[in-house]
Each structure stands twice: as structure tokens, then as C-alpha cells.
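Colleague: I am new to this structure and would like to understand its surface and its interior. Could you show it, and then take my questions in turn?

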Amino acid sequence: MIKPAEIMAICNQKGGVGKTVTTVSLGIGLAREGKRVLLADIDAQGSLTASLGYQHPDQIEKTLATVMGRIITDEPLIPGEGIIRHEEGIDLLPANIELSGLEVTLVNTMSRETILREYLNSVRDQYDVILLDCCPSLGMLTINALAAADEVLVPMQAHYLSLKGFEQLIRTISNVKRKINPGLDIAGILITMADMRTNYSREIVNLLRTAYGNDVRIFDSIIPLSIRAAETSAEGRSIYLHDPAGKVAAAYAALTREVMAL
């Protein structure tokens, strides 16, 4: 019997913390290790979709909004609809501005928190890992992602305000776990865009480990601050192709090994 995919939400309500780069780098890292991987873009801005080379997401006809819309209207799902095969060995379920309209529709939908879960359950046995790139808010789409996920990976910058925002995210995850998805756990906190040469970054990392280290895993891998990581989004390919010998690629390869060991 094929084991269904592990579903991991990459989530933080703050923008600019490296969610999309982490989703791409971890997903392709896992694919390079032989895993069957689906990346799902849960953001109407289509950041993940654009980062994988589809620079005009609004021109894509079949997206996450299409398949979630089928479930809302009780239409049969078409196998493989909307899923794009990417050259670096992963599958992508893209998103565009249509997802924004669908989020409004969700408000008046029965079982509105579990529409995404229902869709992912229909494709789950085709993959080993499904990564959900969440939007930078705690709205209905993010709630859907948390309701569908087994685990949450939280990318976090080494900044004081990131620590404050994490408390709000913890409360949301706890609420979803209690009311909708009792199996939901936090896989860990990933420190991103850190300049460990500075006292400030080192102090924030130490503060984070002191405050949360006993309750939440904090990954040993720390993603360094680098313009190379930002460039990958414009290039439409992963850090492994853009800068294979660089420190960011090495850090994400190390994170991939940590995640596989969970």
C-alpha cells in the first residue's frame, strides 16, 4: 500500500520572510533526494508560481482556484487538472488573482475550512510530500492550508518583530488544531535571511532558542542573508541551479536533510 503524502504548510503571516524561496528550495531539494513532490501556491499573488518561471500567473487558465471551485460547486474533479510538471522534478499547482475571488466565496461555503483538504486528499497518494506556500495573512486560505496540513514549517527572520508576530501565529495554529485539525503539529522554526556575523542576529537567534526551544524545534540549518536567494525568483529556477556552490544552496540542502529525518 502506498503511503499518502506528508503535507507541510510553509506559513508565516509576515511577508518577506522567505516563505516562497523556502518552499521552492525545500521542495526541489526533496525531489533531488528522490521524493515525489507537489508544491501548491496558496497565494493569490502567485509568488510561488512566478518564482518557478511562470512570470504571468494571471494568464494560466487552470489553477488552484479551478480545482477548489469544483469542490465548492460539487463538480467532479478532473485527474491532474491544473498541475504543471516543472523541469526541476517537482509538480506545481499554480495560483493567480482568481484565488482572491475564491477566498471571498469561501466565506459563505459549507465546510469552508476544509475545501483545500478535500482536494489534496484526492491527489495525496500520488506524492511523498506536498508543500503549501501560504499567503502572508491569517485569512481563510491560510486556515484552509493549516486544516489540510500535517505539519507547519515557520520561516522567520532574525528580527525582534518576527518574534512578536510568531506569538499570533502560534495562537492561530493552536485554534486550528483544537477546532479543525487535531493532527496538526509545528515541524519547526527556520531562521532565514540571517547575517550571523552581526551581534544583533546572534542575539535574536539566542532569544528565540531560549523562548521557544523547549517547546518547538528550531532547525539547526540557518538560511544566510544573500542576494543570490532573492535573484532566484526573477530567474524562475531554484538556488541549486542559480548558485549551486553558494552558501544558500548548502543551507537549504542541510534543511532538506533535517526535514527528511523528522
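Colleague: Which residues form a nonpolar patch on the surface?

Modeller: This is a predicted model, in which local features need pLDDT of at least 70 and side-chain atom pairs count only at pLDDT 80 or more, while totals for chains, interfaces and linings use all residues. Residues are numbered from 1 along each chain as its sequence is written, and side-chain values use heavy atoms, leaving out hydrogens and water. A patch joins nonpolar side chains (Val, Leu, Ile, Met, Phe, Trp, Tyr) within 5 Å, from residues with over 30% relative accessible area and no salt bridge (Lys or Arg side-chain nitrogen within 4 Å of an Asp or Glu carboxyl oxygen). With about 430 Å² of accessible area together (Shrake-Rupley, 1.4 Å probe, only the protein chains shown counting as cover), the residues are Y160, L161, Y200 and L207.

Colleague: Is Y200 buried, partly exposed or exposed?

Modeller: Buried means under 20% relative accessible area and exposed over 50%, with partly exposed in between (1.4 Å probe, protein chains only). Because its relative accessibility is 40%, Y200 counts as partly exposed.

Colleague: Which residues have the most contacts inside the largest nonpolar core?

Modeller: A nonpolar core is a set of buried Ala, Val, Leu, Ile, Met, Phe, Trp, Tyr and Cys residues joined through side-chain atoms within 4.5 Å. The largest has 54 residues, and those with the most contacts inside it are L116 and L132.

Colleague: Which residues of helix α5 are buried?

Modeller: Helix α5 spans residues 115-123, helices being DSSP runs of H or I with at least four residues, numbered from the N terminus. Its buried residues are I115, L116, Y119, L120 and V123.

How values were computed:
Helix = DSSP H or I, 4+ residues; strand = E, 2+ residues; numbered from the N terminus. Patch = residues over 30% accessible without salt bridge, like charges linked within 9 Å, V, L, I, M, F, W, Y side chains within 5 Å.
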